[in-house]
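Got your viewer open? Load the model, switch to a cartoon view, and get ready to click along.

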Amino acid sequence: MFLSMLSEAWHAMGANRLRTFLTMLGMVIGVGAVVLMMAIGAGAQQSIKRSIDSMGTNLFVILSSSSSNSGSRSGSGNSSALSIDDASAIGDLDDIEMIAPISTGNAQIIYAGNNWNTSIIGTTSSYFSIRRWNTESGEIFTEADIRSVSRVAIVGKTVAENLFGENDPIGQIISVKKTPFTVIGLLESKGQSFDGRDQDDVVIVPITTAQRKLFGNQIPGSVRMIMAQAKSEKYMGIAEDTITDLIRQRHNIRENMENDFSVRNLTAIAKSASETTKTMAFLLGAIASISLLVGGIGIMNIMLVSVTERTREIGIRMAIGAREKDILLQFLLEACVISIVGCTIGVALGLGGAFLVKKTFGAEIVISMQSIILAFSVAASVGIFFGYYPASKAAKLQPIDALRYQ
Amino acid sequence: MAKPIIQIKELYKDYQNVAGIFPVLKNVSLTINHGDYVAIMGPSGSGKSTFMNILGCLDRPTKGSYILDSHDVSTLNNNELAKLRNKTIGFVFQGFNLLARSSLVDNVALPLVYAKDQKELRVKISKNILERMGLGQYFDSKPNQISGGQQQRTAIARALVNQPKIILADEPTGNLDSKTTHEIMKIFDELNQIGNTIILITHENDIADHAKRQIHFLDGKILEDHMTEKNKVTV
């Protein structure tokens with residue numbers, strides 16, 4: 001019974017191919033849009049999540065802020081207010097798990113005939129633990145290297161590719177600002193940070209070596225910034241205050257004076273970035289759902305036309321024994337077949353579109369079975385919901401009225 | 001003694017339109033027995049079509065009782081009426097009323113679909129009846145690929161497929177030429193001879209002469225109800 005009705009629904013659709021196709025198109029576009037938008041939204045969320053994970057958790061960055069000593073104010077991180085001693089004092093706080101003082105700069109790196117401009121980070125070995133950054137091959141430098149101002153360097157993936165190509169970077173000698181460094185480690189890839197920088201385009205050296213051989217600080221022991229990791233998420237709020245109080249005290253800043261440093265909660269910034277992406281993903285999904293709704297209305301419209309057009313057929317069927325239920329099922333089934341076939345094509349098109357977006361724009365795409373099932377079940381319900389009214393209208397016809405209809 | 005299959009007592013049917021209530025059938029009483037061959041006649045507007053719709057359970061009377069095959073039709077709901085139409089009545093319409101998109105076999109099998117028979121059985125029975133109607137080579141044709149007479153034979157096959165107790169034919173030859181009319185009427189005569197109850201609605205005398213009994217309607221009432229020559233011959 002059901003099978004023969006299904007095949008009848010199929011034939012009825014075939015009777016007016018262009019119309020069926022156009023009706024289906026609404027569904028195809030709706031479902032395709034939902035699948036595509038969900039894939040893009042989830043992809044964006046995933047890439048943000050990965051960059052946040054790659055950054056490390058429960059992080060603060062303490063930057064020396066603009067100094068206005070000589071009247072001209074320079075930007076953040078340009079004064080030399082923070083010192084390595086500030087860093088170790090922060091490290092002694094109860095709320096803080098680990099700290100890493102950081103000096104940064106840019107430099108041209110030369111290896112054999114190749115050269116590459118990249119950012120140099122001078123820091124201590126705890127930097128690698130805070131950022132949960134391991135080497136792919138080789139090793140990281142030790143406390144002894146820092147004490148002895150060793151000329152050793154750990155390179156990021158991008159730098160290694162540009163300088164050494166296919167060759168093994170470990171043990172090679174590179175020249176940074178005319179100082180030779182031995183490459184002792186290759187970092188594993190972290191990809192983009194959540195603000196879009198390539199985190200692998202970096203060379204990391206001991207902080208002492210960076211200060212003495214590369215950046216030539218005027219004030220010995222000063223650092224650009226300090227990275228600090230709180231013991232856990234619940235210490236984040238308190239830690240920000242205790243760090244601020246500690247540094248104010250150490251820098252002898254009186255109560256009515258401005259800080260000469262700033263404390264940034266990186267985790268909070270990352271969280272807000274993640275919230276933004278979530279909102280974007282939701283918006284994309286919501287807009288796509290509207291097209292699904294429009295597709296559903298299209299089905300209802302065509303089914304109403306179809307019921308009117310086939311009133312006489314309904315009358316014949318009723319005269320030879322079709323019950324209300326049979327007629328209802330027949331038209332409902334037609335609406336469902338249209339929406340399910342449209343849905344299948346839509347899913348295929350959405351997936352195709354997602355791969356196209358990945359190929360053309362290089363955007364990260366995440367296709368979950370969940371989103372496909374969701375789109376599918378929503379579309380099927382839309383078909384039933386919008387098919388029900390025309391079908392019940394057909395079923396409620398009186399046989400004699402339907403037969404007389406011209 | 002013949003058993004009654006249709007018993008109608010004091011039946012009225014009114015239609016309501018903007019001008020008010022308009023009576024179509026006024027106090028009609030009638031009994032039709034198993035194996036009868038009845039022609040219902042009358043000019044347009046005499047109420048014969050309305051009467052046929054009520055007989056066919058497509059419409060309900062305003063007042064009066066209608067007992068069809070021992071079911072009191074006025075007490076049945078829409079589903080029960082649908083079942084009664086499916087099992088008890090075979091319709092043959094003036095305009096054939098076949099489904100244009102379906103093959104002849106599918107058209108004939110449709111009442112069996114609603115009777116929930118198995119597909120193999122449906123196809124077998126339908127082909128059998130189509131063959132009896134001389135349409136053996138048209139199983140998969142569509143109604144618009146065959147002639148009017150062939151279409152009406154398909155419709156008769158559909159009416160017979162559920163082995164109904166009554167065949168109700170509303171002007172079955174109204175759209176056919178005289179040669180085809182003759183062929184179709186021959187089928188009805190034969191069906192009656194093997195025991196089918198047949199009710200014909202017609203306004204043509206030569207069609208009505210095939211029947212054993214003629215009932216004339218005028219202004220919503222039965223004017224005349226008499227046996228024909230043919231009845232006397234068979235009895």
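This tour goes through chain A, then the place where the chains touch, then chain B. One thing to keep in mind as you go: this is a predicted model.

**Stop 1: the two domains of chain A**

Select residues 2-52 together with 272-404 of chain A, and colour them; the domain assignment calls this domain 1. Now give another colour to residues 80-259 of chain A, which the assignment lists as domain 2. How far apart are the C-alpha centres of domain 1 and domain 2 of chain A? They lie 55 Å apart. The contact between these domains takes 5 residues from domain 1 of chain A and 4 residues from domain 2 of chain A. On the domain 1 side, the largest share comes from α2(A), with 4 residues.

**Stop 2: a helix with a kink**

Next, select residues 369-395 of chain A. This is helix α12(A), with 27 residues. From first C-alpha to last, α12(A) reaches 37 Å, close to the 39 Å expected at 1.5 Å a residue. Follow the helix along to A:Tyr388, where you should find a kink of about 40 degrees. Shortly after that kink comes the proline A:Pro390.

Which residues of α12(A) are buried? Show side chains and look for A:Ser371, A:Ala375, A:Ala379, A:Val382, A:Gly383, A:Phe386, A:Gly387, A:Pro390, A:Ala391, A:Ala394 and A:Ala395. As you look at how they are spaced, remember that an α-helix has 3.6 residues a turn, so residues three or four places apart point the same way. To see what the buried residues of α12(A) pack against, add α2 (17-55), α9 (266-309), α10 (311-319) and α11 (324-361) of chain A to your selection.

**Stop 3: three exposed residues**

Click on A:Ser88, which sits in helix α3(A), residues 84-91. Is A:Ser88 buried or exposed? A:Ser88 is exposed, because just 12 other C-beta atoms lie within 10 Å, and 12 or fewer counts as exposed. Now add A:Ala100: the two residues are 12 apart in sequence, and their C-alpha atoms are 8.7 Å apart in space.

Move on to A:Lys178, in the loop between β6 (173-176) and β7 (179-187) of chain A. Its phi is near 70 degrees, a positive value in a residue other than glycine. A:Lys178 is exposed, with 7 other C-beta atoms within 10 Å.

Then try A:Asn252, in the loop between α8 (236-250) and β10 (261-265) of chain A. Here too phi is positive in a residue that isn't glycine, with a value near 55 degrees. A:Asn252 is exposed, with 7 other C-beta atoms within 10 Å.

**Stop 4: where the chains touch**

Show chains A and B together. How many residues does each chain give to the contact? Chain A gives 17 residues and chain B gives 21. On the chain A side, α1 (2-15), α10, α11 and α13 (399-404) each supply at least two residues. The largest share there, 4 residues, comes from α10(A).

**Stop 5: the four-stranded sheet of chain B**

Hide chain A and look for an open sheet of 4 strands in chain B, in the order β2-β1-β4-β5, with antiparallel pairing. The edge strands are β2(B) and β5(B), each pairing on one side only. Helix α1(B), residues 48-55, packs on this sheet, touching β1, β2 and β4 of chain B. The direction of α1(B) makes about 60 degrees with that of β2(B).

Zoom in on β1(B) (4-17) and β2(B) (20-33), which run antiparallel and are joined by 10 bridges. A hairpin of 2 residues connects them. Try picking one bridge pair: B:Tyr15 with B:Phe22. For another, B:Ile67 has B:Asp72 in β5(B) as its bridge partner.

**Stop 6: the six-stranded sheet of chain B**

Last stop! Find the open sheet of 6 strands in chain B, ordered β6-β7-β8-β3-β9-β10, with mixed pairing. Why is one side of β6 (89-92) and of β10 (221-227) left without a neighbour in the sheet? These strands of chain B stand at the edges, so each has a single partner strand. Neighbouring strands of this sheet are turned by 15 degrees against each other on average, direction ignored.

Now select β7(B) (166-170) and β8(B) (197-201), which run parallel with 5 bridges between them. B:Ala169 stands opposite B:Leu200 in β8(B). Finish on helix α5(B), residues 148-160, which packs on the sheet and touches β6 and β7 of chain B. Its direction makes about 170 degrees with that of β6(B).

Methods:
Residues numbered from 1 in each chain as written. Chains lettered and ligands numbered in written order. Predicted model: local features only at pLDDT ≥ 70, side-chain atom pairs only at ≥ 80, totals over all residues. Expected span 1.5 Å × (residues − 1). Bend = angle between axes of the 7 residues up to and from the residue. Buried ≥ 20, exposed ≤ 12 C-beta atoms within 10 Å, placed from the backbone. Contact = placed C-beta atoms within 7 Å. Pairing = 2+ DSSP bridges. Axes fitted to C-alpha atoms, helices over the stretch in contact; angles between N-to-C directions. Domains from an automatic or database assignment.
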